[in-house]
Amino acid sequence: MIACLGRIVHDTDAESIPDDDVSTISQSLDLQGTIESGGIAGLAGKDFGGIYSVNPLVLIKPSGSEDIARVVKAASRTSHVTVAARGNGHSINGQAMADGGLVIDMRSTEDNHFKLLTIDGSPYIDISGGALWEDVLKRCVSMFRLAPQSWTDYLSLTVGGTLSNAGVSGQAFRYGPQTSNVTELEIVTGKGEITVCSETQNSELFFGALGGLGQFGIITRARVKLQPAPDMVRWIRLVYSEFEEFTRDAEFLVTREEGESFDYVEGFVLSNCHDPINGWPSVPLDPDHEFNPAHIPQTAGSVLYCLEAALHYRHNDHPSTVDAAVNGLLERLEFIRRLKFQVNVSYIEFLLRVKRVEEHAKANGIWDSPHPWLNIFVSQSSIVDFDRTVFRKMLKDGVGGPMLIYPLLRSKWDDRTSVVLPKGEIFYIVALLRFVPQGSSVEKLVAQNLEIVKRCNDEGLDFKLYLPNYHSKDDWKRHFGNEWSRFMERKFSFDPMAILAPGQRIFNRTH
Ligand code: FAD
């Protein structure tokens with residue numbers, strides 16, 4: 001079988017693998033799952049970014065860890081075959097791709113492992129690395145009235161995909177990123193070994209895989225901490241004209257004790273104009289709300305800032321109790337008083353809020369257009385300079401989509417994971433979520449992203465890319481800084497032939 005796989009990879013043109021070759025691989029791998037031919041037009045050859053496309057050899061739909069281990073072992077006996085786990089393909093720069101390699105569709109394992117556990121009196125859920133967070137949410141709430149604590153904004157992402165990066169949203173200031181909410185993983189390493197790991201068992205693999213960009217193994221199961229699911233959410237948006245006031249209030253909220261702040265804190269930058277996507281209309285939460293620009297102070301500049309917060313509550317909480325809790329916090333903030341917007345929504349509706357954006361964008365045909373997104377962690381010490389240079393000058397007209405900015409706390413992240421962060425306790429995530437209108441040049445927007453990164457470097461700002469994308473080893477070394485040697489050691493231990501996640505372009509396949 002291995003010889004057969006090797007021969008196919010060596011001798012055939014990957015663009016036109018005849019079906020019988022695929023069935024030969026299929027038979028010889030002896031999988032419980034199925035194999036489909038790759039091809040540039042298929043699922044495995046593209047991602048949400050829409051910038052890169054490659055030609056994978058085959059798409060494998062495994063039934064579980066045993067299948068995945070077989071595939072990785074088979075690849076390891078060839079001289080150059082690589083393996084990419086594909087979560088939901090929501091990467092931007094081809095990270096889940098394998099040119100000429102084997103792509104594993106993790107979604108085919110999404111129902112595996114689902115099990116509620118109680119450990120030391122606390123609830124946890126075992127879930128598949130291929131499960132979508134939105135399904136985890138729906139199942140946990142409907143079956144147990146429990147839910148994970150830390151989310152991403154958008155939930156059609158897989159557990160393994162976000163844990164390989166960090167997984168960040170407005171709850172991360174309190175609970176840390178999703179990588180801080182996992183206590184055990186099952187992983188198929190680059191040697192094809194199925195290994196259970198945690199803080200105390202195979203801990204190098206555990207911490208390596210969290211934020212590890214898929215470099216050390218394929219996450220097949222995760223154990224995630226749960227909390228009682230709230231019923232409802234008060235969802236609030238507050239507008240600011242001054243960056244210093246916006247950041248002071250955001251930092252005030254994220255540094256308060258649990259019970260003395262909101263349960264979710266985010267923010268975004270908007271253009272000070274009527275542009276429907278990036279301007280004033282992007283703020284109201286309800287079609288009946290009106291954003292009256294007459295309330296914007298004369299002193300406001302080219303951009304405004306919106307603080308977004310949410311408070312959880314239960315059906316049986318009296319509305320006056322919720323009002324009192326919200327107003328007690330709002331009165332300490334310095335937003336433009338007449339530019340406050342709030343709605344009450346169910347907890348599930350709140351967590352699935354970006355799904356509605358997706359539906360809308362799909363209807364308008366822009367969901368499937370390219371997305372040259374840029375995500376950056378910027379330290380508190382550099383964020384004022386970043387605002388001045390990037391938001392107020394380069395991006396004052398917007399990016400055709402949200403420009404998120406909100407603070408996070410380093411102490412909620414575990415520095416044993418593979419994620420690298422800027423210095424200091426408070427840092428900001430900046431997410432430029434570009435949507436490219438038809439007929440616009442993607443290259444121009446990619447060039448603008450590069451220019452932003454260059455300006456940050458030129459001005460000596462303290463930052464790290466989130467969902468990093470580099471093409472040269474020197475850039476990766478710079479990205480990891482002091483952690484580069486640890487990253488390399490982990491690679492050597494768990495995927496010494498660099499079989500896994502070739503789309504990250506960090507290591508070259510060896511044999
Ligand atoms: P993929 O894109 O399929 O894979 C990502 C990487 O992980 C690849 O290298 C892949 O090989 C590897 N991988 C996939 N599955 C596994 C596995 N089981 N084990 C090991 N490696 C694996 N991120 C946030 O933090 N917060 C957000 O709010 C947020 N919102 C987003 C909204 C949208 C609309 C989109 C498109 C992305 C968003 N992201 C957000 C980014 C997202 O977390 C990453 O792009 C993530 O990698 C996507 O998950 P995926 O399941 O599609 O992974």
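Start by selecting strand β10 (217–228): nine of its twelve residues are buried, so β10 is largely enclosed by the rest of the structure. Here "buried" means that 20 or more other C-beta atoms lie within 10 Å of the residue's own; "exposed" means 12 or fewer, "partly exposed" is in between, and C-beta atoms are placed from the backbone. Strands (E, at least two residues) and helices (H or I, at least four) are DSSP runs, numbered from the N terminus.

Before moving on, note that this is a predicted model, in which local features need pLDDT of at least 70 and side-chain atom pairs count only at pLDDT 80 or more, while totals for chains, interfaces and linings use all residues. Residues are numbered from 1 along each chain as its sequence is written.

**Stop 1: the partners of β10**

Keep β10 on screen and add its partners. Two strands pair if DSSP finds at least two bridges between them.

- Add strand β6 (residues 122–128), which pairs with β10 in the antiparallel sense over five bridges. Click on I125 and you can find its bridge partner in β10, V224.
- Add strand β7 (residues 146–148), antiparallel to β10 with three bridges. Here P148 stands opposite L226 of β10.
- Add strand β8 (residues 182–189), which runs antiparallel to β10 and is joined to it by seven bridges. Look for E186 opposite R221 of β10.

**Stop 2: on to β9**

Stay with β8 and select β9 (residues 194–198). These two strands run antiparallel, with five bridges between β8 and β9. Which residue of β9 is the bridge partner of E186? It is V196. Now show the side chains of β9, which alternate: T195 and C197 point to one face and are buried, whereas I194, V196 and S198 point to the other and are not. Four residues lie between the strands in this hairpin of β8 and β9, and one to click on is G192, with a positive phi near 80°.

**Stop 3: around the ligand**

Now show the ligand and the 36 residues around it; G87, H90, G160, G161 and G214 come nearest. A residue is near a molecule if its C-beta atom, placed from the backbone, lies within 6 Å of it. Colour β3 (83–86), α5 (159–163) and β10, as each supplies at least two residues of this shell. How many residues of the shell are nonpolar, polar and charged? There are 14 nonpolar, 19 polar and three charged. In this count, Ala, Val, Leu, Ile, Met, Phe, Trp, Tyr, Cys and Pro are nonpolar, Asp, Glu, Lys and Arg are charged, and the others, Gly among them, are polar.

Next, colour domain 1 (2–108 + 493–504) and domain 2 (115–228): both give residues to the shell, so the ligand lies between them. The domain bounds come from an automatic or database domain assignment.

You can also select residues 52–229, which an unreviewed UniProt entry annotates as "domain: FAD-binding PCMH-type". Over residues 52–229 the chain is 22% helix and 29% strand, and the end C-alpha atoms are 39 Å apart.

**Stop 4: β1, β2 and β4**

Select strand β1 (residues 34–37) and strand β2 (residues 58–61), which run antiparallel and are joined by four bridges. E36 stands opposite L59 in β2. Then add strand β4 (residues 102–105), which runs parallel to β2 with three bridges. There, I60 stands opposite I104.

**Stop 5: two helices with two sides**

Select helix α12 (residues 383–394) and highlight its buried residues, I383, F386, D387, V390 and F391. They cover an arc of only 115° around the axis, which puts them on the same side of α12. The arc is that of the directions from the helix axis to the C-beta atoms. Turn to the other side of α12 to find R388 and K393 exposed.

Helix α15 (residues 484–494) comes next, with F487, R490, K491 and F494 buried. Their arc around the axis is only 100°, which puts them on the same side of α15. On the other side, S485, E489 and F492 are exposed. Why does E489 count as exposed? Because it has 12 C-beta neighbours inside 10 Å.

**Last stop: R237**

Finish at R237 in strand β11 (residues 232–240). With 23 C-beta neighbours inside 10 Å, R237 counts as buried.

How values were computed
UniProt positions renumbered as here; feature names shortened; annotations may be inferred.
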